[in-house]
Amino acid sequence: MADFKICASRKKILTSNENILVEGGPGSGKTTMALLKAKRVVESENIAKQQKVLFLSFARATITRIEEQAKNYLPNEIKKSIEINTYHGFCWSIVKTHGYLLYHHRKFKLVTPPNLAALVAEVPKQEQQNKKLSMLRQEGFLCFDLFAETTYEIFKRSDKILRLTANAYPFIIVDEFQDTDRFEWEIIKLLGKYSRIMALADLEQRIYDFRGASVTRIPEFVSHFKVEKIDLGKENNRSNGTDIAIFGDDLLTGANIGKKYTFVSVEKYPFYTGKMSRISLKNAIFRSIARLKRSNPKGDWSIAILVKTKSDTLSISTYLTSEGIAHEVIIDPAGPSLAALIISTLLEPLENSLEANVNKITGRIIAHIRGRKGDRPNQADLKLAKFLEDFLIHRKANSHKRKLLVSEIENLIKTRQQLNLTGIPEDDWLSVRRLFQESTSDCLKNIYEDARYLKLLRRGTLLSQKLSERWRNYGNYTGASISVDEALTQEHFSMSSRVFRGIFVMNIHKSKGKEFDEVVIWEEYKKPIVYNGDISEGRRLLRVAITRARSFSTFLTPKSEPCILV
């Protein structure tokens with residue numbers, strides 16, 4: 001097992017028999033100390049066979065990192081007594097077992113975020129919560145962002161269920177506590193009546209205010225549980241021997257201005273037009289690859305290219321593809337998931353009637369238009385979706401552009417009828433996906449583009465096996481869309497370990513909880529990290545991005561309008 005120095009503060013964590021709040025910056029050892037504390041609890045507090053220490057975190061990527069660290073610090077016998085889970089996974093285990101006590105539904109139909117986005121696209125923002133609650137009460141449709149609220153209601157109304165859960169988890173570790181929303185915090189307070197709580201937090205990594213995180217959460221924990229804070233300070237166990245963590249901390253106060261840091265490069269790139277506009281990014285990536293190949297010639301390395309928005313993620317990915325730079329994209333699943341449902345529906349046997357096929361596929365296309373941008377569809381998208389809905393009723397298209405779209409949908413279905421599927425899911429999927437590639441209508445081309453980022457259908461995956469099974473049973477892909485919908489739902493709960501190797505493109509929020517050998521942060525021209533003058537949020541965001549790196553961080557900002565933080 002790995003060695004880890006136990007200083008006075010860390011010893012205090014290990015020996016405490018009370019609720020604990022552990023603070024510290026990126027790489028300060030909070031996770032490692034939590035694992036060692038879990039080990040101490042299992043070994044010395046007579047944890048029963050049916051009991052476990054519960055380690056809660058937000059993202060599956062963070063779960064993977066924690067599991068990797070656990071291999072270094074915990075014997076296998078101890079790991080059996082520790083459950084590492086996401087908030088969603090934990091809450092779903094409570095809701096699916098006890099949710100019927102709140103509502104008359106014996107089973108719930110899970111609504112994935114992409115499907116939810118399509119369902120509430122035209123509902124005013126302030127009314128969407130009521131819409132979601134109405135779907136739950138009346139139809140048993142449960143969306144993911146009601147998991148915590150529903151779990152809270154179960155615990156609040158049934159002390160027996162609360163006690164049973166607390167007894168199963170007598171010690172609970174709450175990772176990224178500063179990012180908990182109102183209902184997640186209420187759950188922790190209730191469980192804390194009977195279980196001991198250890199919260200890990202860093203207020204300056206709070207970048208999820210938009211989902212309900214609050215600057216008051218940490219002092220609320222201290223006040224409610226009457227705990228003493230243990231601060232691991234600015235210790236750096238992630239990027240030892242570099243100034244990466246120091247630069248990140250200095251960003252918070254502006255102390256970085258004018259200073260030099262080792263293994264941190266701030267570069268102001270010149271403005272070019274056309275394909276040359278991102279040549280500085282390409283050069284920075286090649287420098288990163290060269291450094292990593294020298295230090296690790298076996299290729300066991302990772303680079304993250306971090307941008308601010310989803311649209312930047314996709315445009316950077318398109319650029320890298322055009323330059324022949326192999327990479328993987330990590331984005332919100334809305335567009336790819338809804339595109340997958342369209343392709344899987346086209347894999348299924350078609351109806352005899354062209355009109356029936358048009359109705360079915362157009363319905364899927366409408367959902368994709370409404371939901372592909374998550375909860376932010378624009379008016380043009382909503383108008384197009386409304387036109388298609390009206391077309392299904394009245395069969396009328398007034399403008400040339402609208403008539404062309406309808407014609408393309410019909411022709412696409414006719415072409416699909418001529419396809420000879422092979423029974424090899426991966427090949428047949430690509431054949432159907434290509435039908436959208438040559439479309440002239442943007443909404444059909446978007447389906448192709450979004451489907452490119454779907455990673456569920458690889459040889460040997462569960463979805464591939466399910467589709468192969470359907471072909472063996474029926475001689476066709478009857479029910480393919482059901483298999484895809486189930487696979488997308490399972491993906492939200494998947495705890496399979498993900499090891500990052502190679503080059504990855506994502507926005508900064510997606511990088512939270514992840515670690516890479518090198519990080520390249522690209523600030524797109526006219527899309528500054530500091531937006532609407534919110535310097536504090538910009539500082540926290542850039543600090544999170546910079547400190548994802550273990551060995552080197554590069555920040556590229558436009559020379560003509562450089563980031564005000566550097």
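**Sheet and overall build of a predicted model**

Colleague: In which order do the six strands of the open sheet stand?
Modeller: This is a predicted model. Six of its strands form an open sheet, and their pairing is parallel. The order is β9-β14-β13-β10-β12-β11.

Colleague: Which strands stand at the edges?
Modeller: An edge strand here has a single partner strand, so one side is left without a neighbour in the sheet. That fits residues 264-269 and residues 328-329. These strands are β9 and β11.

Colleague: Which residue in β13 does I303 stand opposite?
Modeller: Take strand β10, residues 302-307. Four bridges join β10 to β13, residues 516-522, and the two run parallel. Opposite I303 in β13 stands E518.

Colleague: How many helices and strands does the chain have?
Modeller: Look past the sheet to the secondary structure of the whole chain. The count comes to 24 helices and 14 strands.

Colleague: What is the radius of gyration of the chain?
Modeller: The globule rule gives 24 Å for 566 residues. The chain's value is close to that, so the chain is as compact as a globular protein of that length. Its radius of gyration is 25 Å.

Colleague: What percentage of the residues is buried?
Modeller: A residue counts as buried under 20% relative accessible area. Of the 566 residues in the chain, the buried part is 55%.

Colleague: How far apart do the centres of the positive and negative side chains lie?
Modeller: The chain has 89 positive side chains and 66 negative ones. Each set has its own centre, and the distance between the two is 1 Å.

Terms used:
Residues numbered from 1 in each chain as written. Predicted model: local features only at pLDDT ≥ 70, side-chain atom pairs only at ≥ 80, totals over all residues. Heavy atoms only, no water. Rg over C-alpha atoms; globule rule 2.2 N^0.38 Å. Buried < 20%, exposed > 50% of the residue type's maximum accessible area, 1.4 Å probe, protein only. Lys, Arg positive; Asp, Glu negative; His and termini not counted. Charge placed at Lys NZ, Arg CZ, Asp CG, Glu CD. Pairing = 2+ DSSP bridges.
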